[in-house]
Amino acid sequence: MASAAPSESKFAANVIIIGAGVFGLSTALAIANRHPSTSVTVVDRCTPPVPDGSSVDTTRCIRWDYPDPIYAQLAKQSQLLIEQDPELSKHFFKRGMTFVCNGVPSRFTQGWQDQYNLTKDLAQPEHLVDLPTRETLFQRIHGKDAKPLNRIVLGREPQWNVAYTNKEDAFIDAEAGIQVYYDRCLQYPSIRFRCGTEVDHINIDKGIAKGVVLADGSNLQSDMVIVAAGAWSSRLVSLGSRVYPIGHEVVWFKVTREEEMRWKAMSITTNDSTGLNIFPPYRGEVKVLRRSPGVKNSITIPKPENRSETMEISYPRTLVTNPTDIIPANAEAAIREDLREIMPSLASRPFDRTKICWISTTPTADFLIAPHPSVGGIHLATGGSAHAWKFVPVLGDLVVDSIMGNLSKELEDKWAFDKSGQSSDQAAPRMDGAPEELRDVVRTIQSHF
Ligand SMILES: Cc1cc2nc3c(=O)[nH]c(=O)nc-3n(C[C@H](O)[C@H](O)[C@H](O)COP(=O)(O)OP(=O)(O)OC[C@H]3O[C@@H](n4cnc5c(N)ncnc54)[C@H](O)[C@@H]3O)c2cc1C
């Protein structure tokens with residue numbers, strides 16, 4: 001049985017947080033602020049900003065356009081905090097975000113419409129720009145005389161058909177943002193870091209967590225373990241189908257100074273129907289990612305709560321462990337085909353580099369912030385899916401509220417382990433289809449060039 005939540009005055013004296021991404025660092029800070037006598041140890045495989053962590057990348061979208069009013073309000077509140085934060089705001093670029101769909105009836109078009117309706121209710125009218133045709137969208141990126149390829153030349157049904165821009169949305173340099181949070185944690189005497197060795201397993205004795213055992217054999221004791229290990233969490237606790245690690249494909253193109261100038265008014269441009277997300281030029285590069293069905297990397301491991309049994313999970317295979325991996329050929333083809341319509345000059349340009357970015361995704365894109373269902377002393381703070389970064393200023397307090405049993409009923413239900421009810425993944429939609437097994441499709445630099 002999981003132990004009862006501690007009362008506000010009786011927080012755990014010793015807490016270990018596994019993972020130094022947005023969930024882990026934000027939670028460490030919230031504990032240090034609210035419970036300064038609690039000793040917090042953050043353990044990570046690497047020193048933050050962790051190169052293959054989901055939270056570390058050149059850019060992440062900061063948007064409050066959601067079809068779900070709970071995330072929309074929370075994201076609005078969080079963005080305001082980012083903008084007011086003197087250090088984070090240095091890395092925040094308010095370039096707007098353009099949301100596109102093909103207009104063909106589907107769950108993606110419906111999600112786009114629901115999000116548009118809610119955003120219209122929440123936004124100042126002057127911040128929204130309607131782009132009702134392919135031409136208006138194309139011209140917003142490429143200038144008023146530009147024309148998109150017609151469907152005969154394109155050779156497929158056009159997909160970038162209807163859009164709106166929210167000029168209040170932004171992107172942030174995610175690596176720099178994590179550095180800000182890490183440096184901030186280092187200022188607190190109650191927060192310590194143990195980086196460079198991974199947690200091998202959580203030490204569970206008679207149904208209660210007692211701390212963690214590191215890969216180097218050392219034993220760290222604690223009263224509470226918070227699992228904030230992103231896509232790696234499924235190796236530390238059994239998460240069943242509540243959370244599933246998958247990888248999404250990301251690529252970068254080098255662009256010229258002239259192209260940077262040409263696209264200087266471009267917003268982040270994302271297509272709900274095809275899953276492509278294109279960032280405006282940043283530091284001489286355009287980043288493109290694909291919210292594809294993703295890839296998985298199946299492995300068999302001892303079941304964390306009963307190590308005499310085994311279970312199969314998907315587990316990140318990243319550039320840290322496999323530095324020569326490049327994205328699968330079918331992902332490359334899909335990205336290039338879609339770019340041909342919206343950013344034609346990039347469509348056949350060689351990639352500068354690629355990566356698979358791993359997320360702990362959930363069927364409804366709702367986070368998992370809840371006690372472990374059967375082991376006392378473990379709290380879960382993961383399931384960020386493809387949209388948790390923007391909540392960094394508020395996530396930690398929400399995790400602490402959850403530990404204290406003070407989350408609003410609405411959020412407690414939304415982020416529960418045994419989430420009831422069905423809803424779609426519209427908070428961060430992903431393309432239909434099952435993830436492919438990465439080892440069957442991955443290419444390596446040696447095999448490709
Ligand atoms: C392609 C892509 C695009 C995205 N776009 C956006 C966006 O535009 N806006 C947005 O808000 N969000 C976005 N997200 C989602 C967001 O980045 C994630 O939800 C968020 O970063 C998850 O943070 P985390 O702390 O759970 O995971 P991570 O940042 O991955 O942190 C987990 C940490 O745990 C450590 N760890 C794992 N196992 C162990 C172990 N055994 N021992 C010690 N340490 C361990 C890892 O090293 C890692 O540092 C995107 C995600 C992806 C993949």
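D57 is a buried residue, since its relative accessible area is 5%, and the cut-off for calling a residue buried is under 20%. The model in which this residue sits is a predicted one, and D57 makes a useful starting point for a walk through it. In the chain, D57 belongs to the loop that runs between strand β2 and strand β3, the latter covering residues 60–62. Leaving aside residues up to four places away in sequence, D57 touches D173, A174, E175, W252, K287 and K355. P158, by contrast, is separated from D57 by 101 residues in sequence and by 30 Å in space, taken from C-alpha to C-alpha.

From this loop one can step back to the chain as a whole, which contains 12 helices and 25 strands. For a chain of 449 residues, a compact globule would be expected to have a radius of gyration near 22 Å, and the value found here, 22 Å, agrees with that expectation. Along the principal axes, the C-alpha atoms fill a box of roughly 70 × 50 × 40 Å. Of the 449 residues, 59% are buried, while the accessible surface of the chain comes to about 18,300 Å², with 52% of that surface belonging to carbon and sulfur atoms. Among the contacts with a separation of 6 or more, 78% are between residues 24 or more positions apart.

A record also has something to say about much of this chain: an unreviewed UniProt entry lists residues 15–401 under "domain: FAD dependent oxidoreductase". In the model, that span is 26% helix and 32% strand, and its end C-alpha atoms lie 15 Å apart.

The strands on either side of the loop that holds D57 lead into two sheets. Strand β2 takes part in an open sheet of six strands, whose order is β9-β2-β1-β13-β23-β22 and whose pairing is mixed. Because β9 (191–195) and β22 (368–371) each have a single partner strand, they stand at the edges, and one side of each is left without a neighbour in the sheet. On average, and with direction ignored, neighbouring strands of this sheet are turned by 15 degrees against each other.

At one of these edges, β2, made of residues 39–44, pairs with β9 in the parallel sense over five bridges, and within this pairing T41 has R192 of β9 as its bridge partner. At the other edge, β22 and β23 run antiparallel and are joined by four bridges, with I369 standing opposite A381 in β23. These two strands form a hairpin with six residues between them, in which G377 takes a positive phi near 80 degrees. Helix α9, residues 392–404, lies across β13 (224–227), β22 and β23 (378–382), and its direction makes an angle of about 25 degrees with β22.

On the other side of the D57 loop, β3 belongs to an open sheet of three strands in the order β3-β8-β4, where the pairing is antiparallel. Here β3 and β4 (92–93) are the edge strands, each with a single partner, so that one side of each has no neighbour in the sheet. Three bridges join β3 to the antiparallel strand β8, which spans residues 170–172, and R60 finds its bridge partner in I172 of β8. The walk thus returns to its start, for D57 lies in the loop between β2 and β3, and D173 is one of the residues that D57 touches.

Terms used: Residues are numbered from 1 along each chain as its sequence is written. This is a predicted model: local features need pLDDT of at least 70, side-chain atom pairs count only at pLDDT 80 or more; totals for chains, interfaces and linings use all residues. Side-chain values use heavy atoms; hydrogens and water are left out. Two strands pair if DSSP finds at least two bridges between them. Axes are lines fitted to C-alpha atoms, for helices over the stretch in contact, and angles run from 0 to 180 degrees between N-to-C directions. Contact means heavy atoms within 4.5 Å. The radius of gyration is taken over C-alpha atoms; the globule rule is 2.2 Å times the number of residues to the power 0.38. Buried means under 20% relative accessible area, exposed over 50%, partly exposed in between (1.4 Å probe, protein chains only). Accessible areas come from the Shrake-Rupley method with a 1.4 Å probe; for residues, only the protein chains shown count as cover. UniProt positions are given in the numbering used here, feature names are shortened, and annotations may be inferred rather than shown by experiment.
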